[in-house]
Amino acid sequence: MSETGEQQTGRGAAYDSAFLRACRREPVPHTPVWFMRQAGRSLPEYRKVREGIPMLESCMRPELVTEITLQPVRRHNVDAAIFFSDIVVPLKAIGIDLDIKPGVGPVVERPIRTRADLERLRPLEAGDVSYVTEAVRLLTAELGATPLIGFAGAPFTLASYLVEGGPSRNHEHTKALMYGDPELWADLLDRLADITAAFLKVQIEAGASAVQLFDSWVGALAPADYRRHVMPASAKVFDAVAGYGVPRIHFGVGTGELLKLMGEAGADVVGADWRVPLDEAARRVGPGKAIQGNLDPAVLFAPREAVEAKAADVLEAARGLEGHIFNLGHGVLPTTDPAALTRLVEFVHERTAR
């Protein structure tokens, strides 16, 4: 089988890594560790290479993406790399007028709120994001047996940015559209599901070993609304990449009440934030799924002994689970001491060595 064929069936050099084995709920030599936002502002080397380069532009430079993605792997000895990108990259690639403003986040020039606005959401083609293909190929060549996790924003979270015009605390425009015109809402999420699936396929076909769908804001919804208005689109994304045989991870913030449904949407691994203990998260998700998480990112600002005590609590809650990937319950905070992350990886590896 060709290298590309091996990667597309999930049997590349990283196949027997601790991370991918845990995703498949197989025995592991130690609990694998990676951190959401491990490549980013907490690292001085990241700040140095990003200096003077806008966020979206940095996502479109393959050599820079490669360097940034590799930095935490070199520094922390994590068990997987996460592709450096942003959830709005595919939207920018199809011509949506948006920018990432420092200290604010993604800002959309003309929000999408009418049926006519849907026409601006054309399908994403591989050629729109050729820089992603190039970056993933560069990365997999460098990473060898270390898995690369592909990255995308989920339809609901992308819709919330598009409808609100930027970050929102209450999602009032998003919910008004969802409740007031459910047909338009469904069509919006369906288009975003196709765009997201295409973005993940590009990464998998270039060599990514797993993919994570970030639904950062979906915790704003009640379970009944998630099931009716969001789950079909998320399931469409997972179904679209199921044939590649790579693990699919689903994560959201504040989603304790949604964990079972998020698993039912089609993920192989469900991420939990720090608000729900991992054993309880696994009970809610149900059998047949691995669990990822879930140390509170703010714990890393406490003394080393306190960090290790809280990490030990997470590992104890994960004892006996079918598969566990150690992570934070959300992304690394920008002012985190990188040394605390390095020590945490060492602690988890040593504590769980089998």
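Is S42 buried or exposed?

## S42 and its surroundings

In this predicted model, S42 is buried, because its relative accessible area is 4%, and buried means under 20%. The residue sits in a loop that links helix 2 (18–23) with helix 3 (44–50).

Outside its neighbours within four places in sequence, S42 is in contact with R47, V332, L333, P334, T336, P338 and L341.

## Helix 15 against helix 16

Two packed helices are described by the angle between their axes and the distance between the axes. For helix 15 (residues 304–318) and helix 16 (residues 338–352), the axes come within 10 Å and cross at roughly 45°. The two helices are therefore oblique to each other. The crossing of helix 15 past helix 16 is right-handed.

On the helix 15 side, the contact is made by R304, V307, E308, A311, A312 and L315. Helix 16 contributes R343, L344, F347, V348, R351 and T352. Sorted by class, this contact has seven nonpolar, four charged and one polar residue.

## L344 and the nonpolar core

L344, one of the helix 16 residues in that contact, also belongs to the largest nonpolar core, which has 129 residues. Within this core, L344, F19, L121 and L188 touch the most other members. Helix 10 (residues 182–206) gives the most to the core, with 13 residues.

Not counting residues up to four places away in sequence, L344 touches F35, L295, L300, V307, A311, F326 and L328. Among them, V307 and A311 are on the helix 15 side of the contact with helix 16.

Methods
Residues are numbered from 1 along each chain as its sequence is written. This is a predicted model: local features need pLDDT of at least 70, side-chain atom pairs count only at pLDDT 80 or more; totals for chains, interfaces and linings use all residues. Side-chain values use heavy atoms; hydrogens and water are left out. Axes are lines fitted to C-alpha atoms, for helices over the stretch in contact, and angles run from 0 to 180 degrees between N-to-C directions. Helices (H or I, at least four residues) and strands (E, at least two) are DSSP runs, numbered from the N terminus. Angles under 35 degrees count as roughly parallel, over 145 as roughly antiparallel, 65 to 115 as roughly perpendicular and the rest as oblique. A crossing is left-handed if the near helix is turned anticlockwise from the far one by less than a right angle, and right-handed if clockwise. Contact means heavy atoms within 4.5 Å. Ala, Val, Leu, Ile, Met, Phe, Trp, Tyr, Cys and Pro count as nonpolar, Asp, Glu, Lys and Arg as charged, and the others, Gly among them, as polar. A nonpolar core is a set of buried Ala, Val, Leu, Ile, Met, Phe, Trp, Tyr and Cys residues joined through side-chain atoms within 4.5 Å. Buried means under 20% relative accessible area, exposed over 50%, partly exposed in between (1.4 Å probe, protein chains only).
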